[in-house]
Each structure stands twice: as structure tokens, then as C-alpha cells.
2 protein chains.
Amino acid sequence: MPSGSVNAADVAELADGCALLGSGGGGDTHALGLVLRSSLIERGPVRVIDASELSEHALVVNVGFVGAPIIAVEKLFAEREVLSALDAMSRRLGRKIDAVMAAEIGGGNGLTAFIAGSLLGVPVVDADGMGRAFPQSDQISYSIYGRSASPTMVATDQGDVVCVESDSNRRIEQLVRAVSAAAGHKCFAVDYVMEGKDVRNCAVLGTTTLARRIGAALRMARAQHESPVQVLEEALSSHPGLVARMLFEGKIIGCTHETRGGFSFGTVRATTVPAGSELSIDFQNEFLIARRDGEIIATTPDIISLMDADTLRNIGSEGVRYGQRIKVIAIRAPELLRTPAALAVVGPRAFGIGVDYRPIGSSS
Amino acid sequence: MPSGSVNAADVAELADGCALLGSGGGGDTHALGLVLRSSLIERGPVRVIDASELSEHALVVNVGFVGAPIIAVEKLFAEREVLSALDAMSRRLGRKIDAVMAAEIGGGNGLTAFIAGSLLGVPVVDADGMGRAFPQSDQISYSIYGRSASPTMVATDQGDVVCVESDSNRRIEQLVRAVSAAAGHKCFAVDYVMEGKDVRNCAVLGTTTLARRIGAALRMARAQHESPVQVLEEALSSHPGLVARMLFEGKIIGCTHETRGGFSFGTVRATTVPAGSELSIDFQNEFLIARRDGEIIATTPDIISLMDADTLRNIGSEGVRYGQRIKVIAIRAPELLRTPAALAVVGPRAFGIGVDYRPIGSSS
């Protein structure tokens, strides 16, 4: 296996890493993992390239599914949507697409970029726009740093193609979400068209490599029954500024859940075993803020992820159930998402939570 | 005033005729009449051309607003939407638009074509796709006779432009309606791109002239206190196959109203004065079926219109109120909408009403 590529045998660890980076959201990695594995077996490995390898004017597009958190994908449909949106974008721009990139590395959309790269026969850039997953498509470094999502090309599993153009990335998000709802709560979007220099300036770099390292670390922790945080810290050591913390170990004692405006909202509650200390985590698709006995211990944009205490399998916000034994891990968000400009878009207040961002590791 | 043009002084009669042809729907003609009048004063008359004047390959597009029945329009917004959608379509096709045409002559959208012609400086073709108004954009002669609505170009009052492409005209209708809802229940659509020969083959011809004749006839009936049906029959005499009937005269005694799936549904009830005979009319945006004492006297696609008994002003399905003195008039639908292929799309059963089409005049 060349280090600069992903083949079928790598899908499991890539999927595990993407799931952890999803902060409880970003869509299911299981179905998309199956689609990706099958495509890689049929078409061979997909090249992964560093942003530095892109020529100044190389044409790069971001890709991802937009819709309900748990995406049911069938292979044929995924292919049709992915190829028709990419083809329509290429025709619209009058240029060949040189590489694709995940809009969000977290959850299933971290894998979607590899499906697109495999189908189109182009490399995947080792970068994304969120370093995790967020509920809205405009909560992305490209939008934060002034890039336009226009034109955004959307395809449905029925072969429909919709092109959305606007000066406002927020309005594009709203219009694409309306199209997604009308298309059965799932569509494939190609957006944030960029050239090589833009990727280097405003993407979150190295995140597909990070996802694979995390996946490999989790596998090692499982095999050797080691602490996942210890292996994660080692995995993250080559990514300066990234910090991992074990937030909590215990048992789920409750979860509220409400669907509103196309998003899932709720609160997860857990207790230590034996009881003594309580954890609560609020979510909007993704886990946003964690409190231990009322005291804030992690907030968005830092990643908050739950895993099964025994299997170390990720548990998304949709998968929380009473009685689960869990470990809660936090990973500090990448630098690009922790600037004042970024916090206005992805910090707690952007989600209506009246507190300031407090980086994990700053008080523990 | 040259006979082949519309100027500011003609707007009132054109609007009156479009309102009557709306079968109770098609959107308000008042606000769009103001916008059109102002544009005609500023830019001069708009040429109206017969379909026979179009060259074989002249590029013609259909235009209309999609959204809530009563459209609130401000002039600046209307201009921006109309021009940006037409401009985007022209760029998409790589061709200049030679003429525009109303998607539906009924209601405000009969006037929209003239606003588009005025702003773009191109003629309006004396034809439309419905000969009246229908709730869905695919209930149109072009779709019935095999033409594609793809690509459809949509613009919002915020300057967003959305292009929808699909093999299915029904899916384009659904996606455009979703975009309209997300854009505040109003957007401007350019669709059913055609060449001169297509217009001659599958448009409902002569309908802007018909609307003006109806408007002029209503004005004469008002001035001379004549029966509107008698003057309408004279106005329609030059349109072979068109037949007008007075269905009922009386007083509104009730109206139910429910909004479901983006449409208005309900039933209007009226009685003769003095009481003796009762009328009921079911509607989905447009009036669809009229019964007198339980017996069906008119059904879609024939036009069923209500007017104030004194002023002969049109009363749309949204404007029905208890106590109004009304006249109910029916006009037989154009031939193109009465074929078996058309009735499958616009006949009573297409609206879930379990009866066959029964042309007015066939039993009275």
C-alpha cells in the first residue's frame, strides 16, 4: 500500500477516524464505508495528495451529502448522484476537476470525498473545511475566510441536477436544504470551488491523514486494551496544537431528542459508575457543549465524541441509548476554527448557547 | 395604439381578462398590473406577436411567478428577479431570447409575461400553456405534449438564481416549489424553452388577445349594464370552440378553506335569491367543479369564474366572502386541454375528483 493512497483495506480505519471526528454527527459511516470499499475494489486505490502538491490554479471542489443525519445509501444511487453533480459542475465551469476534497471530514462525509475521487478518477486532497462536522454547510472555513459557495451543484438520486447561485453562503445553505428535503432528505452537493492556492490558504489541512491515524490508534487500543486517549494523544502528536482529553467515563442515564427545522436537538445525560458525578451534553446534530456536575468542560468547536467503553466504537447523537457504558473524549479544534472570525460562526453563541468558547486543556 | 402591442392604457382590460381566465386562481392581477403599467410608461409599448410570426428556430421561453396565490410584488424586486432569471437562462443556453410567453394566461401570471417582455425589450407571443391557470407548473400543454421543462431557471428577490434540470417535469415542479417556499413563497421561473415551431405545435394560441377581448367586453357590459355572458359570447365568437355559459346568479352563503401541501383547498356555497336552488364549487387554488342542487354543471378543465354581480369584478378563490352577490360564468377550455392526454393531467380525476370531464354546453 503506497502511503499516498487509500485502498479497500484502509476503509475501516478511515471510517473509524471520521466517525470520531464527527463530534457525534456528520452522518453514518457504515453504509458509505460499504460503498467506498466496493468502489475501491472495482477501480483500485484513490490517491491522496497534500495541499502543497496542488498547482496554483488546480481546480478543486468540495463534496458531501446534505440531508438527514443517518443517510441510507445504495451504491447505484450514490454513483449516479455523485457523477452527475461533478459532471454538471465541470460543464458549468468549463474546466476539468483536478481533485476533490471533503466538505467535512467528520462522519460519513469524510468517506464521501473518497467515493467521489474513486468514481471520477481524481485524487482526494488531504484536507477539509471543518476538521470535524457541523450542522450547516456554511459553517466551514472557506465561508469564514471569505470564499463563495456559488455556484453549488446538487444532484438527487432521481438524476435531477440543481445549480444554486447566490452572493450569500447562508442563503445557498437554505436553498440546498430545501432541495434536499424535497428530494427525500438526501442529495449530493458539490460546492466551494477553489484553486490550489485557496486550499492552502483556508482549508483545514491534513485531516484525512489525521482520520486514518485516529482509526489506526483506535484499532491498536482495541487490540491491546489500552486507553484510547493515550493512543489518540500519540496519534495526534504529529498535528501541532491538537490535544485530546478523556472527559468522562460512565453510563447513559437519559437522552432527550427533538426534531426541529430539519435538525436534531437534545441532551444526553450520563453518570459515573458508581454514581457520584453527572455529565450532560447538549447537541444539535453534533455534540456542542459538555458539563460535569454543572461545570462546562468542553464546548464547540472542540470535538466531543462518545464511544462504547468496551468496543471503542463511536456513538453518534442519534445512537445514544439508556444504559450504554461510554467513554467521552474531546479533541481540540484546529487553529483555523478557533479564531474570533471562526468562533462567530461555529462557537457556542452561534448555536444560541450563551457562553464563550473554552478550549479543552486550558483548565485541566 | 397599434393592434399588435400593449401599452399602459391597455393594462386594465388585459388584467380583467386574465383574472376571468384564472378560474379563481393564477394570482392577484392588481399588484402586477401596477408593476406592468409603470414599466410600460417608462419603456414604451410591448409588441405582441402571433405564433405564426415566429421563425422556425426563434428562441421562446415561458415565464411566471411560482408561489403563494396572492403575490406581493414590489417593482424593484420584480425587475431584479425577472431580469436575473432571464439573463441566467440566456447564458445557460448560449443564445439570445427572442420572445417570452406566459406559462399561464390566467390571473397575475398573464401580466407577468408582459413585464418580462417590457424589461427585456422583446415581444410577447400571443399564446400560453394553459389557456387559464392551474395549480402545478406541469399541468401545461407543453408537458402534456411531450416537451421538457428542463432546464428551469428560478430567481428570488434576494438575487439568488437556481437552475433545475430533470427528465421529469413533475419533479421539476416539486423542486421549484421547494425553492419557492424557502425563498418566502415567491420566486420567478423561466421554463419550457421552445423554438417557434414548438410554440405553433403545442401552445394554446391567441390567449393574450382573448384576455384583452374579455376585458373589453366586461368594460362594455359594465358601461351598458348588459349581461356579461352576452358580451362574452360576442367576444369569444372569433375563437372557434370557445363557449361561455352563465352557470348561476345568487349570494354566497358559506366558504370552507384549508391550506395543505402548499395549496388552498375548500368549497364555496351559494344560493339563489330568493332561496330555491343551491350551488357548490370545490377548489384547489382554482375552481375545479361546480354542482347545482347536487348535479354537476361544470368541471375542470373548463374555466369556472365568479364575479361580483354589480361591478363584474372577478372574485378569486381567496376572495370569496359571506353575503357577496355573485354571477358564476363558465368558459369551455381550449381544444388542446380537452384531449384524453390532457384530461389525464388536468381533468377532474387528476385532482382526485371521481367523475369524468363534462364540457359545459354539452347538456344545457
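## Two chains, one shared surface

The contact between the two chains draws on 17 residues from chain A and 17 residues from chain B. This is a predicted model, so treat everything below as computed from its atoms. Chain A lays onto chain B with an RMSD of 0.0 Å, using a turn of 180 degrees and a shift of 0.0 Å along the axis. The two copies are thus related as by a two-fold rotation axis. Here's the rundown, starting with the symmetry and the interface and then moving into chain A itself.

**Symmetry**

- Looking for the axis in chain A? Head for Cys163(A): its C-alpha is the one nearest the axis, 2.4 Å from it.
- Both copies use the same surface, and 100% of the contact residues of chain A recur in chain B.

**The interface between chain A and chain B**

- The size of an interface is often given as the accessible area lost when the parts come together.
- On that score, chain A and chain B bury about 1,500 Å² between them, with 52% of it on carbon and sulfur atoms.
- On the chain A side, Asp160(A), Arg171(A) and Leu175(A) lose the most area to chain B, and together they make up 32% of what that side buries.
- Two salt bridges are counted between chain A and chain B.
- One salt bridge pairs the side chains of Asp160(A) and Arg171(B), at 2.4 Å from N to O.
- Polar contacts add to the picture, with nine residue pairs across the interface of chain A and chain B (both at pLDDT 80 or more).
- As for secondary structure, strand 7 (161-165) and helix 6 (169-182) of chain A are the elements that give two or more residues to the side touching chain B.
- Helix 6 of chain A gives the largest share of that side, six residues.

**Salt bridges within chain A**

- Side chains of opposite charge can pair when their charged atoms come close.
- Over all chains, the whole structure has 52 salt bridges.
- Glu13(A) is bridged to Arg219(A), and their closest N and O atoms are 3.0 Å apart.
- That pair ties together parts that are 206 residues apart in sequence, because Glu13(A) lies in helix 1 (residues 11-21) of chain A and Arg219(A) in helix 8 (residues 207-224) of chain A.
- Glu13(A) counts as buried, at 14% relative accessibility.
- Glu195(A) makes a salt bridge with Lys197(A), where the closest N and O atoms are 3.1 Å apart.
- The partners of this pair differ in burial: Glu195(A) is buried, with a relative accessible area of 17%, while Lys197(A) is partly exposed, with a relative accessible area of 28%.
- Glu233(A) and Arg245(A) also meet through their side chains in a salt bridge, at 3.9 Å from N to O.
- Glu233(A) sits in helix 9 (residues 228-236) of chain A and Arg245(A) in strand 10 (residues 244-260) of chain A, so this bridge ties together parts that are 12 residues apart in sequence.
- Glu233(A) is partly exposed, with a relative accessible area of 38%, and Arg245(A) is partly exposed, with a relative accessible area of 26%.
- Asp10(A), Glu13(A), Arg212(A) and Arg219(A) are joined into one network by salt bridges that share partners.

**Strand pairing in chain A**

- Strand 1 (residues 5-6) of chain A pairs with strand 2 (residues 46-49) of chain A in the antiparallel sense, over two bridges.
- Within chain A, Val6(A) stands opposite Val46(A) in strand 2.
- Strand 2 of chain A also pairs with strand 5 (residues 124-128) of chain A, this time in the parallel sense and over two bridges.
- Here Val48(A) is the residue standing opposite Val124(A) in strand 5 of chain A.

**Two residues worth a look**

- Asp198(A) belongs to helix 7 (residues 196-202) of chain A.
- At 14% relative accessibility, Asp198(A) counts as buried.
- Setting aside neighbours within four places in sequence, Asp198(A) is in contact with Arg147(A) and Ala203(A).
- Ser238(A) is in the loop between helix 9 and strand 10 of chain A.
- Ser238(A) is partly exposed, with a relative accessible area of 42%.
- The C-alpha atoms of Ser238(A) and Leu210(A) are separated by 9.0 Å, and the two residues are 28 apart along the chain.

Conventions. Residues numbered from 1 in each chain as written. Chains lettered and ligands numbered in written order. Predicted model: local features only at pLDDT ≥ 70, side-chain atom pairs only at ≥ 80, totals over all residues. Heavy atoms only, no water. Least-squares fit on C-alpha atoms with pLDDT ≥ 70 in both. Contact = heavy atoms within 4.5 Å. Salt bridge = Lys/Arg side-chain N within 4 Å of Asp/Glu carboxyl O. Helix = DSSP H or I, 4+ residues; strand = E, 2+ residues; numbered from the N terminus. Buried < 20%, exposed > 50% of the residue type's maximum accessible area, 1.4 Å probe, protein only. Pairing = 2+ DSSP bridges. Buried area = accessible area lost by both parts, 1.4 Å probe. Polar contact = N/O pair within 3.5 Å; in protein donor to acceptor, adjacent residues only side chain to side chain.
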